[in-house]
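Me: I am new to this structure and should like to learn how to read its features. Could you take me through them in turn?

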Amino acid sequence: MRVTPRGFDTEFDPAQVFDDPTEMDLRPGADNCYKCSTCDTSCPVAEVDDDFPGPKFQGPEQWRLKKGDDRDIDPSITDCSNCMRCDNVCPSSVPLSQMHNTARGEYVEGQAPSLWSAEDALADGEFREALSYLRGVPSELSIEFVRNRVLSNYGTMAGLGSEVPRLTNLVMGSRVTKWVNDRFFGITAERDFPEFATQTFREWWRERGGPKVESADKRVAYFHGDYSNYNTPEVAKAMVRVYEFFGYEVRVPTQRCSGTPMFANGMLRDARRAAAVNISNLSDFVDRGYDVIASCTSCSMALGQEYPELFDIEGTQEVSTHTYEALEYLRIHEDLEDELRDADVEFPDLAYHAPCHARNQGLDRQAVELFGELDSLEVEDVGDSCSGISGTYGWKTEKYDTSMQIGEEMFEHMHDATGETGLTECPTCAMQMGHGTGYEIRHPLEVVEAALVDQ
Amino acid sequence: MAISDDVLVIGGGLAGMTSALAAAEEGVRVRLLSYKKSTLRNASGLIDLLGYADGGIVADPFEAIPALHEGHPYERVGVERVREGLDLFDESVGASYLGGHTDRNALVPTYGGTVKPTARYPVSTAAGLASDARPVLLLGFEALSAFDAPLAAEHLRAAGVPFDVRGVSIEFPKRFRADATAMRFARALDRDEPADDADIGTRAALVEEIKDHLDGAERVGVPALLGDEDPEEVRGTLESGLGVDVFEVPMGPPSLPGLRLEDRLYDALDDAGVRVRTGNPVVEFDPDDGYITTVYTDRNGQHVPFEAEEIVLATGGLVGKGVKSDRQAVYEPVFDCHVPHPEDRYEWFRDGAFDDHPFARFGVSVDRDLRPLDADGGVEYENLRAAGSVLGGYDLAAEKSGSGVSIATGYAAGRAAGECA
């Protein structure tokens, strides 16, 4: 008989003092803040950017200022990289990232109100209304807005690009493309665009004929995300093979981007549309007894935390409580440690970086803890600094230097580590690790695959 | 299945970390579960053992401890465990702390200009001890309003310290945004960032500025912001530039000495092979025939199971939220252990702010093995021990015994858990 002590049943019930209650009432969170500034001391952006006011301002203080008089959201909200480290340190459980996401969404909404309204009208089939809104669009749109919208809809772009992967890789890798991107769109030329795989994960999955294992009680629905579909299908394949090794039936639901880059760019309407598709498809599986597994820690963060914090779509909480990070799920349900203890793996020594979003889910020490069981392999944690890329953040020309300054500590520690191959769960942390060191970067699932399946 | 270890410590503060280290010494596998990042960054970094008892200042805590009332955490564990706990602490922090050479308390000046009796102090504060007769210059920075050096000096004089003390406020050689914390100053000194109005680094510029105010002072006290990464190098540079000793005055949050201590203890946990998991609170558990078999952490409604033979509860007190209250009752939120308190909530406090408040002593009561007791005096769970400020029966703020109780009971609980597992 499981016991839930009374301590966590007591919900704070604030009195309604504002005339216009917003959709999300963040007042309890703002009231919980007692200004200890712990969040500011853990913010990687504030650490390198003296002009950034920090999470305490962006969250509870800005929220209060806005309520008091008719102030607009401060533009510095777009300098927040959405690493969510502030959530993890607040001793008073203020939902800082929820406040930041909400504020950023409101700010970006105000950047192009006509466009959003036109899109909504279009979606409702109100063509005449849409047209009337469209007239206002040109004067509102900025290059920055368009750039951010393109970046945050990476999955759509990747879907097109991966139709002709070799050509896309050639074009995106060319110096002319990079120069144009940098000069006209504010996408840095310092980085190499990630290469598309010649066969996407989903193509491989279809060719393979779907699952090789069927099971009535061990069933998971895999949320692979865009990156392991288009760019690193080897990670997604490792997930499938490892789970099938443990006797799981793996299904791959139709899915869209988890929304992580959209949250970070304040494109909440895009995120909501993607979330609605994901929640609808995933909850079908959850209803049939499947748990949802993500191999990317930002995807599991989005489904697990950001969806319920930001959206009220039906089925959200159900999907959230059934979504797990891939290795943690195996640790809960299988004796993964024991399996690994006896394994002999051929894999290079590794320098592991814990993504901020893994940290926030309590998973930052998991990989090193697990692979510590392997005698034939050395894994070193390169410390608790942020990689600095934070998804699309480090791709922006004006943010590139900040991004690399934040990453400097991680690069140094990677160089100090014995291993000359990187390891991380997050695809964009992996980009940054590779960019700063030239190392090849692998995913923990690939290590498990090498240890257990490839034997 | 659950994620499995021998000993599970719940709480990542001083008591929890000490518990985990002590349990690991017994050769068992230990996991530390902490809801949030350690709150040691809110602590001064001083390790108080017992500063006041019976309304008077304590010179030798080890003489005073045996006279404490029954039920006090020190009485529960006994003076021997207090010594052993401190030994473990000294071992874990190495040369970064002083005070272990004597049983007697040291007197460390605080940023409010009081003198605090404490058992262990960071090496960076050593030159500031109030038992030293050399004249002191206290130095504050205009931009850092938390430390008013002239006022602190005045308070120290009023307290009757046996040395001359002056306080001045100067401009820090580099200007930051108005609400910059001590961390920002520390980072500038760590990296020796260029000063604003000179072609030199902040360290050298600071030396130049302080020189003008020395005027016979043989030691200089500054707020605790002399570097985060490499405080000894920063302090050393200032000392050799000035030709006098430099010391740090511990500050409120975010506290650099607290952060440095956190780093040292986390290194010690890593060296001891303790597995640490941070980010999610423990909200549920499975009891089985008087034992706790599994606890569950919560992540937005999703529960992750952890099982262990022995469990240590080190979740903190009223401030740390290891003891909570509503209008009806005072309770311990994780295992619902009994917290003795008067039924009428108007008896929980006294009227004056500095009166002897009953709530200050609220917490779980334990047997001499630190196992929490229910309302009838029976053991709540055979394999559960409690440590640190979740314990009742003492007033840590009035006694100045917070760190010492955390270390002594953390050590005792961790060691017993390790032996039983």
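Reply: Let us begin with surface patches. A patch is made of residues with over 30% relative accessible area and no salt bridge, and like charges are joined within 9 Å. Asp and Glu count as negative. Please keep in mind that this is a predicted model.

Me: Which residues form the negative surface patch here?

Reply: Chain A contributes Glu47(A), Asp381(A), Asp384(A), Glu408(A), Glu409(A), Glu412(A) and Asp416(A), while Glu229(B), Asp230(B), Asp263(B), Asp267(B) and Asp271(B) come from chain B. Two elements give two or more residues to this patch: α25 (400-416) of chain A and α9 (256-271) of chain B. The most is given by α25(A), with four residues.

Me: Where does Glu229(B) lie, and is Glu229(B) buried or exposed?

Reply: Glu229(B) is found in the loop of chain B between β12 (219-223) and α8 (231-242). Exposed means over 50% relative accessible area. Glu229(B) has 62% relative accessibility, so it counts as exposed.

Me: Is there also a patch of nonpolar residues, and which residues make the nonpolar surface patch?

Reply: Leu141(A), Val146(A), Val150(A) and Met157(A) make a nonpolar surface patch of about 280 Å². Of these residues, Val146(A) sits in helix α10 (residues 143-152) of chain A. Val146(A) counts as partly exposed because its relative accessibility is 37%.

Me: How should I read salt bridges, and how many are there over all chains?

Reply: The general idea is that side chains of opposite charge can pair when their charged atoms come close. In this model the count comes to 68 salt bridges over all chains. One of them joins the side chains of Asp50(A) and Arg184(B), at 2.6 Å from N to O. That pair crosses between chains: Asp50(A) is in the loop between α3 (44-48) and α4 (55-68) of chain A, and Arg184(B) is in helix α6 (residues 182-190) of chain B. Asp50(A) is partly exposed, at 30% relative accessibility, whereas Arg184(B) is buried, with a relative accessible area of 8%.

Me: Which parts of chain B does the salt bridge of Glu233(B) and Arg203(B) tie together?

Reply: In this salt bridge the closest N and O atoms of Glu233(B) and Arg203(B) are 2.9 Å apart. Glu233(B) belongs to helix α8 of chain B and Arg203(B) to helix α7 (residues 202-214) of chain B, so the pair ties together parts that are 30 residues apart in sequence. Glu233(B) counts as partly exposed, at 42% relative accessibility, while Arg203(B) is buried at 8%.

Me: Which residues are joined into one network by salt bridges that share partners?

Reply: The network consists of Arg331(A), Glu337(A), Asp338(A), Arg341(A), Glu369(A), Asp5(B), Arg29(B), Arg31(B) and Arg275(B). Within it, the side chains of Glu337(A) and Arg331(A) meet in a salt bridge of 2.4 Å, N to O. Both Glu337(A) and Arg331(A) are buried.

Me: Finally, what can be said of chain A as a whole, and why does it count as compact as a globular protein of that length?

Reply: Chain A has 27 helices and eight strands. Its radius of gyration is 22 Å, close to the 23 Å that the globule rule gives for 455 residues, so chain A is as compact as a globular protein of that length. The C-alpha trace of chain A spans about 65 × 60 × 50 Å along its principal axes. Of the 455 residues, 60% count as buried.

Me: Which residues of α27(A) are buried?

Reply: Helix α27 (residues 444-453) of chain A is mostly covered, with nine of its 10 residues buried. Among them are Pro444(A), Leu445(A), Glu446(A) and Val447(A), and the list continues with Val448(A), Glu449(A), Ala450(A), Ala451(A) and Leu452(A).

Technical notes: Residues numbered from 1 in each chain as written. Chains lettered and ligands numbered in written order. Predicted model: local features only at pLDDT ≥ 70, side-chain atom pairs only at ≥ 80, totals over all residues. Heavy atoms only, no water. Patch = residues over 30% accessible without salt bridge, like charges linked within 9 Å, V, L, I, M, F, W, Y side chains within 5 Å. Areas by Shrake-Rupley, 256 points an atom, 1.4 Å probe, with all protein chains shown as cover. Salt bridge = Lys/Arg side-chain N within 4 Å of Asp/Glu carboxyl O. Charge placed at Lys NZ, Arg CZ, Asp CG, Glu CD. Buried < 20%, exposed > 50% of the residue type's maximum accessible area, 1.4 Å probe, protein only. Rg over C-alpha atoms; globule rule 2.2 N^0.38 Å.
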